[in-house]
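The exercises below ask you to read a protein model step by step, with a worked solution after each task. Keep the sequence and the structure in view while you work.

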Amino acid sequence: MRYIAIVGASLAGYRAAQTLRREGFDGTITLIGDERRRPYDRPPLSKKVLAGEAEPESIVLERSGDDLGIEWRLDERAVSFDASGLALSLERGGELEADGVILACGARPRPLPGTDGILGVHLLRTLDDSLALREALTTGVGPRRLVVVGAGFIGAEVAATARGLGCEVTVVEALDRPLARVLPPVLGQVCADVHTDQGVDLRLGAGVDGFDTDDGSISAVRLSDGSSVEADLVAVGIGVVPNTEWLDGSGLTIDNGVVCDETTLAAPGVVAAGDVARWPNRRFGESMRVEHWDNAVSMGQHAARRLLAGDGGVDLVYEPVPYFWSDQYDRKIQLVGRVGPDDQVQVIDGSIADRRFVALIGRDGQLVGAFGMNRPPAVQRWRTRLEEGMSWDDALALASEGS
Ligand SMILES: Cc1cc2nc3c(=O)[nH]c(=O)nc-3n(C[C@H](O)[C@H](O)[C@H](O)COP(=O)(O)OP(=O)(O)OC[C@H]3O[C@@H](n4cnc5c(N)ncnc54)[C@H](O)[C@@H]3O)c2cc1C
C-alpha cells in the first residue's frame with residue numbers, strides 16, 4: 001500500500017494519519033477536509049473557547065514536532081466515492097485513486113425545523129460557529145436572553161457557559177428529563193438540577209411550536225405548552241446527523257452512518273472511524289455509532305491499523321467501552337459504559353445532593369456503567385473494571401470495601 005486518502009480533517013482523521021506514520025507507513029497520505037482550518041479539537045467550542053477563556057490557536061491538534069508529511073487538501077470536499085475502485089471525486093475538481101481510504105467525515109448538527117433564515121439562531125459544530133455564538137452572547141445592551149433548544153450535553157454546556165457570561169438562559173427540552181433516552185431518571189434529574197441551581201429556566205416536556213421574529217431576527221420561541229419565551233438568541237442542540245450523503249452510490253452500506261464490520265472495515269481497502277462510523281461492538285452485542293471524543297481518537301487509531309493490516313487484520317476487533325465527559329459550571333460529568341434509562345443505579349461514593357458522587361449502573365446482574373460528578377479518579381478506576389468486565393454483586397462488594 002503506497003497511497004492512503006483520508007476524508008475528514010478532524011479528530012478521527014488526524015489521529016488515523018498519526019497512527020499510519022507511527023506504524024511505519026511511509027507512502028503518501030492525503031487528508032481531505034471541507035473546513036479551511038487545520039484539524040482542531042471541538043470540546044472547547046462549547047466550553048473555554050465559547051467562554052473566551054481559550055484562544056482558537058490553543059485547540060489545534062497538531063503539536064510542534066508533529067511532522068507527518070501529510071498532503072493537505074483543505075477547504076475541499078469529497079463529493080463522491082467508488083468503493084470498488086477506491087476512487088474519490090473532489091468538489092473543486094480532480095479524482096483521487098488510492099490504495100486505501102479512511103472515512104472520518106463526522107457528523108453535523110441537526111437543524112431546528114422552521115428556523116431557516118431567522119437571524120440569531122445558532123448551531124454549534126465548528127470553530128467559526130463557536131466564535132459567532134460567543135460574539136452574539138457578548139454584544140448588545142444588557143444581558144442577552146438565550147433560549148437553548150435541547151438539553152443534551154452540547155445544549156447543557158452552551159447553557160452553562162452562557163450563564164457564566166451573564167446571560168439569561170432558558171433551556172427547552174421536549175422530553176421530561178435531560179438525556180431521558182440515555183440515562184436512568186435519577187441521573188438525568190441531577191443533570192437538570194445542576195442548571196436550575198444556577199438560575200437557568202428549565203422548561204421540560206415542552207416542544208417548540210414556532211418562532212416570532214422582529215425584522216428578521218428572533219424575538220421569541222413559542223412552546224407547545226402555549227407559553228412563549230422572549231429571546232435575543234437561540235442555540236440549537238438537538239443532535240447530529242452523520243455526513244454520509246456524498247457516499248450514496250458508493251457501494252458502501254449506509255444506515256445512520258457508514259456501516260463497518262467488527263474490525264472497522266467498510267469494504268476491502270476502506271475503513272471508517274469516529275462520529276460517522278457504525279459498527280457491531282462485540283462486547284455489547286450491539287451495533288453502535290458513538291459521537292464522543294474518546295471514540296474518535298481510539299477508532300481513528302484502530303481503523304488506521306486495520307487498513308494497514310489488510311487481509312491479515314480480520315482479528316483486529318474493535319470493542320471499546322464508550323466514555324464521555326462534559327464540563328458544566330464547576331462540575332465535570334463523566335459517563336463510562338453503555339447504559340439505558342431502565343438500568344439500576346447505586347450511588348457508591350459522595351452524594352447526589354452535593355453534586356459530587358459516583359454511581360454504578362447495572363443491568364441483568366452485570367456492571368454496565370459508571371457515572372461521576374466531580375470524581376474523575378474514581379470514574380477512571382471503574383472504567384478499567386468495566387473494560388475487564390464485572391458482575392453487579394462483585395462491583396457493589398468492591399465499592400463497599402471503599403476501593
Ligand atoms: C461543541 C462540541 C463539544 C463537544 N464536547 C465533547 C465533550 O465534552 N466530550 C466528548 O466526549 N465529546 C465532545 N464532543 C464530540 C467530539 O468532538 C466528536 O465526537 C468528535 O469531534 C468526532 O470527531 P470526527 O473526526 O469523527 O468528526 P468531526 O469532528 O465531525 O470531523 C469531521 C470532519 O469532516 C469534514 N467533512 C465532512 N464531510 C466531508 C466531505 N465530504 N469531504 C471533506 N470533508 C468532510 C467535516 O467538515 C469535519 O471537519 C463535542 C462536539 C462538539 C461539536
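## Exercise 1: the ligand and its surroundings

Around the ligand there are 35 residues, the closest being Asp34, Glu35, Arg42, Lys47 and Arg125, where a residue counts as near a molecule or strand if one of its heavy atoms lies within 4 Å of it. Before going on, note that this is a predicted model, in which local features need pLDDT of at least 70 and side-chain atom pairs count only at pLDDT 80 or more, while totals for chains, interfaces and linings use all residues. Residues are numbered from 1 along each chain as its sequence is written, and side-chain values use heavy atoms, with hydrogens and water left out.

Task: find which polar side-chain atom lies 2.6 Å from an oxygen atom of the ligand, and then describe how the protein covers the ligand.

Solution. Step one: the side-chain atom belongs to arginine 42, and the distance to the ligand oxygen is 2.6 Å. Step two: the backbone takes part as well, since a backbone N or O atom of alanine 12 lies 2.9 Å from a ligand oxygen, and a polar backbone atom of tryptophan 293 lies 3.1 Å from an oxygen atom of the ligand. Step three: on its own the ligand has 1,000 Å² of accessible area, of which the protein covers 96% (areas come from the Shrake-Rupley method with a 1.4 Å probe; for residues, only the protein chains shown count as cover).

## Exercise 2: salt bridges

Task: determine how many salt bridges a search of the whole structure finds, and examine the pair formed by arginine 363 and aspartate 343.

Solution. Step one: the search finds 26 salt bridges, each being a side-chain nitrogen of Lys or Arg within 4 Å of a carboxyl oxygen of Asp or Glu. Side chains of opposite charge can pair when their charged atoms come close. Step two: in the pair of arginine 363 and aspartate 343, the closest N and O atoms are 2.7 Å apart. This pair links distant parts of the chain, 20 residues apart, with arginine 363 in strand β26 (residues 356–363) and aspartate 343 in the loop between β24 and β25 (344–351); helices (H or I, at least four residues) and strands (E, at least two) are DSSP runs, numbered from the N terminus. Step three: aspartate 343 is buried at a relative accessible area of 10%, whereas arginine 363 is partly exposed at 35% (buried means under 20%, exposed over 50%, and partly exposed in between, with a 1.4 Å probe and protein chains only).

## Exercise 3: a small sheet and a loop

Task: work out in which order the 3 strands of the open sheet lie, and where leucine 86 is placed.

Solution. Step one: the order is β4-β5-β6, with antiparallel pairing, and two strands pair if DSSP finds at least two bridges between them. Step two: β4 and β6 (95–97) each have a single partner strand, so one side of each is left without a neighbour in the sheet. Step three: β5 and β6 pair over 3 bridges, and the bridge partner of alanine 87 in β6 is glutamate 97. Step four: leucine 86 lies in the loop between β4 (78–82) and β5 (87–90). Although leucine 86 is not a glycine, it has a positive phi of about 50 degrees, and it is buried, with a relative accessible area of 11%.

Note on methods: A polar contact is a pair of N or O atoms within 3.5 Å; within protein, one must be able to donate a hydrogen and the other to accept it, and residues adjacent in sequence count only if both atoms are side-chain atoms.
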